[in-house]
Amino acid sequence: MYEILHKEKLGPNIFMYRLRAPDVARYRKPGQFVIVRIIEDGERIPITIADVDTLEGSVTLIVQAVGKTTLQMAQMTVGESIPTITGPLGEPTEIKKIGSVLCVGGGIGIAPLYPIARAMKDIGNSVKSIIGARSSNLLILTDLMNEASDDLIITTDDGTEGRKGLVTDAIRDLVARGEHFDQCVAMGPPIMMKFVCILTRELNIPTIVSLNPIMVDGTGMCGCCRVTVGDEIKFACVDGPEFDGHKVDFDELITRLSTYRKEERESLGCYTSETGCKLDSMPGGSS
Amino acid sequence: MNFKDRLKIQPVEMPEQDPVVRITNVEEVPLGYTPQMAMQEAMRCLQCKTPFCIEGCPVGIDIPGFLKFIETGDFRSAIRKMKERNLLPAVCGRVCPQEEQCQLFCTIGKARKNPCESVMIGKLERFIADWERKNGEFETPPSVKPSGKRVAIVGGGPAGLTVAGDLIKFGHEVIVFEALHKAGGVLVYGIPEFRLPKSIVQSEVDYLESLGVIFRYNYVIGKTIPVQVIIDEYDAVFIGTGAGLPRFMRVDGENLLGVLSANEYLTRANLMKAYDFPRADTPIVKGRKVITVGGGNVAMDCARTALRMGADRSLIVYRRAEEQMPARLEEIHHAKEEGVEFHLLQNPLRLLGDENGWISGAELIKMELGEPDSSGRRRPVPIKGSEFIEDTDALIVAIGNSPNPLVPASFPDLEVTRWGGIVVNEITGQTSVQGVFAGGDIVLGAATVILAMGHGRRAARAMNLYLSSGRWVDLDKALDLCRAEVR
């Protein structure tokens, strides 16, 4: 059993958890994820590891409540335990000194982006970061991202903080003022990563993305998380979760993520009627 | 009772759930023998002087031995005799292809010219295992002095569980690292609830724990802990990580919604209990007309699960003919009884989707049998111009699995074959790395539970000799000498 050591709300539906999992923390590298199950007969879901503390023997997960499992998790308190944390899974991010790196994080994607930005900076790259969200209260880790970057640009769709607009607008701004990048790392909702990649392909900036397809086992056993990368089929859980963003078929990924839309709604509906727990309403309409 | 009389006894039929009822539940189909039925069936055994049935058993169970005890009603001795060679009889009795193993060689079956009329060894194995479990009569063997040696078993499936059970008896410290949150491997994620209740698997695991085996769940060796660290920290290692790499057809449309590998479909249904959604949280694709591509036990399991998930029609599409299907006869028989349709000599060319990206049909081509291929079976050849569309809203790919690459990929010193199976010494299960043994599907590719157990049995013997003698080179010769002495 994996105990919740710390829990903090970062914004509407966004929670940070620190859980005791010394064996997961020990060999973890940035970019890896865990498969989590919060109750017996619960589902197995992938969550990127935002951070670890090997002294404390803990992993930090930042989770946005979107459905039954993540909403139920949000009701849990410090001292409670969950039955499964499996990891660290996936291939770690390739951190190398390449020159100038552009880190782009959207919404909850800022969480997995942070350790990578930090590692890229620590190894000697110049790191410029763009983080964006729909609204100011959905931005997370701004202070940490500021520390991890030589320059940080914030964007919000509604203009409540930073530059009004999308992360892609901010990328164009940077390029327009003469910035050059050897590498881009983009993490966030698939639609955001898709459009960042369309832009960076135009601008000739090699781009790594971290994909979040539906998973079950997380060890390459079921093929649920398969994605088309170029003309190959890859399993995000063992070949990824990071891939060359210019080769990923994002439309297919986005479609496949909707496989259980109906069941997800049903499950959340059942949970809400049984417990009264609901998702926070999100700025700009439904989440 | 003399031979003639025994030969005359009709095989005792196993009562089964009615097909119409059973596709609405996930309970077992065969309902089990009563003690009277078991004793009667066991009477059919001639106690042959040369029991060929034993040679047909991959773990060498003393079949006439345990049958004699059942015949006399001494069930306690029967299970003891069984467990000398097989620690998972409740599992094997349910999933072994006995008609290809022990029952194939049975004298009675030969006399009646029908292996299906052999002594029902499998059903009796199941009976005696269930008797022990129901009567709460698990015996703990006498405790053994600790050897001071530590063994790591990577993978808690049939091979790993067998090694664990055998090695714990020698006083070694045994730790099983299991990637999933439950042990059993295919027993728990692959084989459906209605063929092998998970409570039975749990019971076997509990038994091993009672003997002192330690289970660590949610440990993916190669990720959670590097393989090298395990090799350094343990005196011997057994790798039984299985064939959990699904094979896909590589046709257009395979990534459409509603197309799943058999592993995914069965894992959702069995391990994750999707048959109980929304009480259990994991959903599963529920098609009205489900196609399962494949002809093995896994394909049968998928097709029968689809019916239980509410499908109106469940089709098997298989590119060869029925005689060539690798599935166990009992599974084919049960599938047919339940209404699974067998569309044989057909193969998918591509999959078609609707405007929402969901599968709407499969373009199939008809096949005919030509010359034998490398497996010895007649090769299926497409019939030109015979393409047609079969409508469907869910398709399961059950065409086989390959060895899971995770451990070999994270540890390149381990020699593997071209297709990813770990290379081992046939007699000992030794790999190319000192102290490391392997067995089961990770060596063979997707095979059977009993073969995995046979590997486990072999490897445990060799590992024990390695641990006590320190000998690695020519361990197989030393093992042979050992066995010769014991005999």
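What follows is a chat about cysteines, cores, a surface patch and two helices in a predicted model.

Q: How many disulfides are there over all chains?
A: The count comes to 0.

Q: Hm, why does C96(B) not have a bond to C92(B)?
A: The sulfur of C92(B) is the closest cysteine sulfur to that of C96(B), but the two are 4.2 Å apart, which is too far for a bond. A disulfide needs the pair of sulfurs within 2.5 Å.

Q: And what about C302(B), where's its closest cysteine sulfur?
A: In C222(A), 13 Å away, so that's too far for a bond as well.

Q: Are those two cysteines, C96(B) and C302(B), buried or exposed?
A: C96(B) is buried, with a relative accessible area of 6%. C302(B) is buried too, at 0% relative accessibility.

Q: Switching to cores. How many residues does the largest nonpolar core have?
A: It has 90 residues. Those with the most contacts inside it come from both chains: V104(A), I130(A) and L211(A), plus M300(B), I316(B), L351(B) and L395(B).

Q: Which helix gives the most to this core?
A: Helix α15 of chain B, residues 297-308, with 6 residues.

Q: Is there another core, and if so, which residues are in it?
A: There is another one lying apart from the largest core, with 77 residues. Among them are I79(B), A183(B), I191(B) and C96(B), the cysteine from earlier.

Q: Back to V104(A), what does it touch?
A: Leaving out residues up to four places away in sequence, its contacts include L113(A), I130(A), V167(A), I171(A), C184(A) and M192(A).

Q: OK, the surface now. Which residues make the nonpolar patch?
A: I191(A), F195(A), I198(A) and I254(A), and together the patch is about 330 Å². Helix α6 of chain A, residues 190-202, gives the most to it, with 3 residues.

Q: Where does I191(A) lie, and how exposed is it?
A: I191(A) is in that helix, α6 of chain A. It's partly exposed, with a relative accessible area of 47%.

Q: How many residues of helix α10 in chain B are buried?
A: 11 of its 11 residues, and the helix runs over 158-168. The buried residues include P158(B), T162(B), D166(B) and I168(B).

Q: Last one: E264(B), buried or exposed?
A: Buried, with a relative accessible area of 3%. E264(B) lies in helix α14 of chain B, residues 262-269.

Q: What does E264(B) touch?
A: C222(A), C224(A), R226(A) and Y260(A), not counting residues up to four places away in sequence. C222(A) is also the residue that holds the closest cysteine sulfur to C302(B).

How values were computed: Residues are numbered from 1 along each chain as its sequence is written. Chains are lettered from A and ligands numbered from 1 in the order in which they are written. This is a predicted model: local features need pLDDT of at least 70, side-chain atom pairs count only at pLDDT 80 or more; totals for chains, interfaces and linings use all residues. Side-chain values use heavy atoms; hydrogens and water are left out. Buried means under 20% relative accessible area, exposed over 50%, partly exposed in between (1.4 Å probe, protein chains only). Patches are made of residues with over 30% relative accessible area and no salt bridge: like charges are joined within 9 Å, nonpolar side chains (Val, Leu, Ile, Met, Phe, Trp, Tyr) within 5 Å. Accessible areas come from the Shrake-Rupley method with a 1.4 Å probe; for residues, only the protein chains shown count as cover. A salt bridge is a side-chain nitrogen of Lys or Arg within 4 Å of a carboxyl oxygen of Asp or Glu. Helices (H or I, at least four residues) and strands (E, at least two) are DSSP runs, numbered from the N terminus. A nonpolar core is a set of buried Ala, Val, Leu, Ile, Met, Phe, Trp, Tyr and Cys residues joined through side-chain atoms within 4.5 Å. Contact means heavy atoms within 4.5 Å.
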